[in-house]
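Here are my notes for you to read with the model open beside you. Take the points one at a time and find each residue as you go.

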Amino acid sequence: MALALSVTPTSSSSSSCVLSRNPSPNFKTTLLNFASPRRIHAINPLHRSFQCLQSPSQHLNTSPFTTSAVTSSSSSSQTTELVLQRLVQEFKSLTEPIDRLRWVLRYASLLPPMPDSSRTESNRVMGCTARVWLDAELGQDGKMRFWADSDSDVSKGMCSCLIQLLDSATPEEVMELKAEDLVELNVGLLGGERSRVNTWHNVLVSMQKKTRRLVAEKEGKAPTFEPFPSLLLTSDGIEPKGSFAEAQAKYLFPEEARVQQLVKVLKEKKIGVSAHFYMDPEVQGVLTAAQKHWPHIYISDSLIMADAAVKMAKAGCQYITVLGVDFMSENVRAILDQAGFGEVGVYRMSDETIGCSLADAASAPAYLNYLEAASLSPPSLHVVYINTSLETKAFAHELVPTITCTSSNVVQTILQAFAEMPKLNVWYGPDSYMGANIVKLFEQMTLMTDEEIANIHPKHNLDSIKSLLPRLHYFQEGTCIVHHLFGHEVVERIKYMYCDAFLTAHLEVPGEMFSLAMEAKKRDMGVVGSTQNILDFIKKKVQEAVDRDVDDHLQFILGTESGMVTSIVAVIRSLLGSSANSKVKVEVVFPVSSDSMSKTSSPKGPSSINVGDAVLPIVPGVAGGEGCSIHGGCASCPYMKMNSLNSLLKVCQNLPDVENVIGGFKAERFKRQTPQGKLIADVGCEPILHMRHFQANKELPKELLDHVLSREGKR
């Protein structure tokens, strides 16, 4: 809807420009242009009368409701930048929060009613506490037109400001406006609610999404992107979109006979299950259903798996089955031994190696060279990702003092280490993307105030962050083959089709996806972190929507392994089911890269990809014969999918393994020794125990500090 200006000649220059627009529902534009000198009035959208509004700088003490604005039109000399400057000046001239609130509400009164035909679900702006609708069109003159509405007057006022800023602007002007340009309009609203700040940003993102699409359509260059597969959840059920999603949905409701078959053997033989989030959907569906009948089943990220095993051993479980890759079963075996449960058996789901591209990278000669360089630069601390073998942890710890980390605690671990040892060199590995993302995160912190930095870590400020950056190193030859797929192609598709959705990303994703998720995080529309962080974020957002008790459609982009969906769906269904008449719809979207696609298996074998020196097969989508394609597959770890339901049942049914039927499935203790003649199991556990100490006490253990500083004295 264009903004209509009424201009009257006058000798006075004290009045400023007030924006109005034609409220006609047919969206036709009315522009009134007169010669200057001019006096500009607002058209009251309800009474269609003319009203002169004086500048707030002149009458602030007498009328906190006064406001002014300027619109940009084809014949106006005012640019978007000048309009923004004037809006900011008005806002900053009001020092009291109540006056600023009135200022926003005044703008709300300038927003004409939005036609009912535009108040559709497709025009909803996601991420706002209140319901907000936005519609747009690209005029014949090449300028953008916007309409908006909200059931909150504050949100309506914010929309009005943005429309007055960008209505009749060129598409280029709309796309050039950044969230940072609106910072001055974020300060001091009543209550200081973060959600109010996010309204500016989220409406702007929606404006830009609609602008991008309209321009592409007009130029005949609209990308032929297919929608990513997704699951749409409501209180009434689940609607899959795409055959991969259909297969996922199928396994969410496993046959009761299969569930009871597993529960029976778990109970009879006192078997606990420690499974990672990235399991195959079939086994996850059965395990999730079995949890209702047998409490000793844990589905979690890698950090919790060993802790869960100890809990189950304390509760009387005689065996622990580990559904994950080999370093996970190694960790479970070692931690159980450390906790005094050496008699509890630990079993993997295959008699073959269940590898991991990150663990393999840390076992390569290049990583040893990296650690040797670290050992020559004391004081040094090696921060190693938990997704590595016990052998790697042991050998590394003898070269460089080492502490384990996870994607959820790595940032705090590094910051704490620098806080306790300011002259330290930190060597992170082996995940190159995570390392680069950590560096980028710290670089972003150099743009923060000391107070903002202290909120992240109380012992740091701007100077300390700048000081640590040159001494933070990361290995550059290791990647997770799953998160590697979230590259440029996926990012471009998300920007075009899903830029206004909630964006979740694991810390292992490539930098472009990381940056996109961090931008969303600033608007409270995203999360970057571990699998548990992702699950917690989705749970929080869905709970907020359920509590608002209005119709809403939340869309989450799942920026990690697709196996996460089972746990996510279980949480969402629980929340939606807690409200008998919930009006909330939640859509979980699975990004797909062409790099992850494979064709139907041929006689020559499945497709494969090269990751470094390794050649790895692409695991087909669970819908038979489709492979990883837009309609039948997704980012999926081939190693994790070696943990099948049949394997779990085979292991459980053969316990105790008197006849050594499943001997190859057993997670054996490391009996080999390190170069210094110590047991790998003992030395490899030390970095893990250091991490556990940090988790519990929020400081590094004295033993580790002494180890680091003693190396400095030997230089």
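**Notes on a predicted model**

1. Let's begin with Gln555, which you'll find in strand E18, residues 552–559. Keep in mind that this is a predicted model. Is Gln555 buried or exposed? Its relative accessible area is 11%, and the cut-off for buried is under 20%, so Gln555 counts as buried.

2. Now look at what surrounds Gln555. Setting aside residues up to four places away in sequence, Gln555 touches Met126, Tyr498, Ala501, Phe502, Glu587 and Val589. With Glu587 there is also a polar contact, side chain to side chain, at 3.1 Å.

3. Next, the aromatic rings. The count comes to 11 aromatic pairs. Take Phe502 and Phe556: their ring centres are 5.0 Å apart and their planes are at 20°, so this pair is stacked. Phe502 belongs to strand E16 (residues 502–506) and Phe556 to strand E18, so the pair ties together parts that are 54 residues apart in sequence. Both Phe502 and Phe556 are buried.

4. Other rings deserve a look too. Ring pairs join Tyr367, Tyr370, Trp427 and Phe475 into a cluster. You can also find charges sitting over rings: the charged end of Arg119 is over the ring of Trp133, 4.0 Å from its centre. Likewise, the charged end of Arg213 is over the ring of Tyr496, 5.7 Å from the ring centre.

5. Turn to a pair of strands. How do strands E8 and E9 run? They run parallel, and four bridges join E8 (residues 271–276) to E9 (residues 297–300). Within this pairing, Ala275 stands opposite Ile299 in E9. To get from E8 to E9, the chain passes through helix H9 (residues 281–290), and this β-α-β crossover is right-handed.

6. Asn387 is a loop residue, placed between strand E12 (380–385) and helix H14 (390–399). Don't take a loop position to mean exposed here: Asn387 has 11% relative accessibility, so it counts as buried. Not counting residues up to four places away in sequence, Asn387 touches Ser302, Phe327, Cys356, Leu358, Ala359 and Glu508.

7. Arg348 is in a loop as well, between strand E11 (345–347) and helix H12 (357–362). Why does Arg348 count as buried? Because its relative accessibility is 10%, and buried means under 20%.

8. What does the side chain of Arg348 reach? One partner is the backbone oxygen of Ser350, at 2.6 Å. The side chain of Arg348 also makes a polar contact with the side chain of Asp326, at 2.7 Å. Leaving aside neighbours within four places in sequence, the residues in contact with Arg348 include Val322, Ser329, Thr353, Val651, Phe665 and Lys666. As for Glu330, Arg348 is 18 residues from it in sequence and 9.4 Å from it in space, C-alpha to C-alpha.

9. Finally, step back to the whole chain. There are 25 helices and 21 strands in it. Of the 715 residues in the chain, 57% are buried. Among contacts in the chain with a separation of 6 or more, 72% are between residues 24 or more positions apart.

Conventions:
Residues numbered from 1 in each chain as written. Predicted model: local features only at pLDDT ≥ 70, side-chain atom pairs only at ≥ 80, totals over all residues. Heavy atoms only, no water. Helix = DSSP H or I, 4+ residues; strand = E, 2+ residues; numbered from the N terminus. Buried < 20%, exposed > 50% of the residue type's maximum accessible area, 1.4 Å probe, protein only. Polar contact = N/O pair within 3.5 Å; in protein donor to acceptor, adjacent residues only side chain to side chain. Contact = heavy atoms within 4.5 Å. Phe/Tyr/Trp six-rings, centres within 6.5 Å; stacked < 30°, edge-to-face > 60°. Lys NZ or Arg CZ within 6 Å of the ring centre and 35° of its normal. Pairing = 2+ DSSP bridges. Right-handed = clockwise from strand over helix to strand, strands pointing away.
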